[in-house]
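Me: Please give a close account of a single part of this structure, beginning at one end of the chain and following the computed geometry to whatever that end leads to. I would value a connected description, with the residue-level values stated.

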Amino acid sequence: MRPIPQTLRADMESDPFYSRCCITGQHKTSVKIDWHHNFIYAGRQLNEKWCILPLAKEVHNNIVRYKEKCDWIMLNRGTDEQLEHYSKARDLKRVRDRLNKKYGTPRYKAT
């Protein structure tokens with residue numbers, strides 16, 4: 001596991017998005033929220049805000065079941081420029097478009 005830099009951690013702690021599980025909507029006052037590195041690039045977890053998702057402990061423990069939905073949320077949090085930068089092996093914008101057709105209009109904004 002790659003540690004999150006202190007400045008990024010402080011930014012995430014102050015962001016309301018990270019106080020709830022992005023899958024279940026449960027608040028951190030009722031369940032333990034883990035911060036999940038959802039994107040691996042060049043063999044390493046990417047420490048960028050749009051790639052780290054807040055997940056309830058039970059969701060994080062069963063990440064395989066929720067992986068596609070986590071990808072959908074993550075890809076809609078990234079800007080087109082960020083996705084283009086990391087689109088080496090896969091066209092991330094195309095993946096985002098496919099998932100948007102499957103799951104609908106996202107409620108998450110690019111960060």
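Reply:
**From the chain end to helix H3 and its surroundings**

Thr105 is placed in the segment after H5. The model is a predicted one. Because its relative accessible area is 76%, over the 50% limit, Thr105 counts as exposed. From Thr105 to Asn76 the separation along the sequence is 29 residues, while the C-alpha atoms lie 9.5 Å apart. Arg107 is found in the segment after H5 as well. With a relative accessible area of 63%, Arg107 is likewise exposed. Its C-alpha atom is 18 Å from that of Ala56, at a sequence separation of 51 residues.

Asn76 leads to helix H3, which spans residues 63-77. This helix has a kink of about 35°, centred on Lys69. Which residues of H3 are buried? They are Ile63, Cys70, Asp71, Trp72, Ile73, Met74, Leu75, Asn76 and Arg77. Thus Asn76, the residue paired above with exposed Thr105, is itself buried. An α-helix has 3.6 residues a turn, so residues three or four places apart point the same way. In H3, however, the buried list includes the unbroken run from Cys70 to Arg77.

What do these buried residues pack against? Their partners are two strands, S1 (33-37) and S4 (52-56), and three helices, H2 (57-60), H4 (80-85) and H5 (92-103).

Strand S1 can be examined through two of its residues. His36 lies in this strand. Its relative accessible area is 11%, under the 20% limit, so His36 is buried. Beyond its neighbours within four places in sequence, His36 is in contact with Cys51, Ile52, Leu53, Leu55, His60 and Ile63. The last of these belongs to the buried set of H3. With His60 there is also a polar contact, side chain to side chain, at 3.1 Å.

His37 is in S1 too. A relative accessibility of 8% makes it buried. When residues up to four places away in sequence are set aside, His37 touches Arg2, Ile4, Gln45, Leu46, Asn47, Cys51 and Ile52. With one of these, Asn47, the His37 side chain makes a polar contact to a side chain at 2.6 Å. Cys51 and Ile52 appear among the contacts of His37 and also among those of His36.

Trp50 is situated in the loop between S3 and S4. With a relative accessible area of 1%, it counts as buried. Its side chain makes a polar contact with that of Glu48, at 2.8 Å. Trp50 and Thr79 are 29 residues apart along the chain, and their C-alpha atoms are separated by 8.6 Å.

H3 also takes part in the largest pocket, where its three residues form the largest share of the lining. What volume does this pocket hold? The space amounts to about 160 Å³. The lining consists of 13 residues, and those nearest the pocket centre are Phe39, Ile40, Tyr41, Arg90 and Leu92. Strand S2 (40-41), like H3, supplies at least two residues of the lining. By residue class, eight lining residues are nonpolar, four are charged and one is polar.

Arg90, one of the residues nearest the pocket centre, is placed in the loop between H4 and H5. Its relative accessible area of 42% falls between the limits of 20% and 50%, so Arg90 is partly exposed. Between Arg90 and Asp15 the C-alpha separation is 29 Å, with the two positions 75 residues apart in sequence numbering.

A backbone feature occurs in the loop between S2 and strand S3 (44-45), where Ala42 is located. Ala42 is not a glycine, yet it has a positive phi of about 55°. Most residues other than glycine have a negative phi. At a relative accessible area of 69%, Ala42 is exposed.

To summarise the part examined: exposed Thr105 has its C-alpha atom 9.5 Å from that of Asn76, and Asn76 is among the buried residues of H3. Those buried residues pack against elements including S1 and H5, and H3 gives three residues to the lining of the largest pocket.

Conventions. Residues are numbered from 1 along each chain as its sequence is written. This is a predicted model: local features need pLDDT of at least 70, side-chain atom pairs count only at pLDDT 80 or more; totals for chains, interfaces and linings use all residues. Side-chain values use heavy atoms; hydrogens and water are left out. The bend at a residue is the angle between axes fitted to the seven residues ending there and the seven starting there. Helices (H or I, at least four residues) and strands (E, at least two) are DSSP runs, numbered from the N terminus. Buried means under 20% relative accessible area, exposed over 50%, partly exposed in between (1.4 Å probe, protein chains only). Contact means heavy atoms within 4.5 Å. A polar contact is a pair of N or O atoms within 3.5 Å; within protein, one must be able to donate a hydrogen and the other to accept it, and residues adjacent in sequence count only if both atoms are side-chain atoms. On a 1 Å grid over the protein atoms alone, a cavity is a set of points where a 1.4 Å probe fits but cannot get out, and a pocket is an open set with protein on both sides within 12 Å along at least five of seven lines; lining residues have an atom within 4 Å of a point. Grid points are joined across faces, edges and corners, and a volume is the space filled by probe spheres set on the points. Ala, Val, Leu, Ile, Met, Phe, Trp, Tyr, Cys and Pro count as nonpolar, Asp, Glu, Lys and Arg as charged, and the others, Gly among them, as polar.
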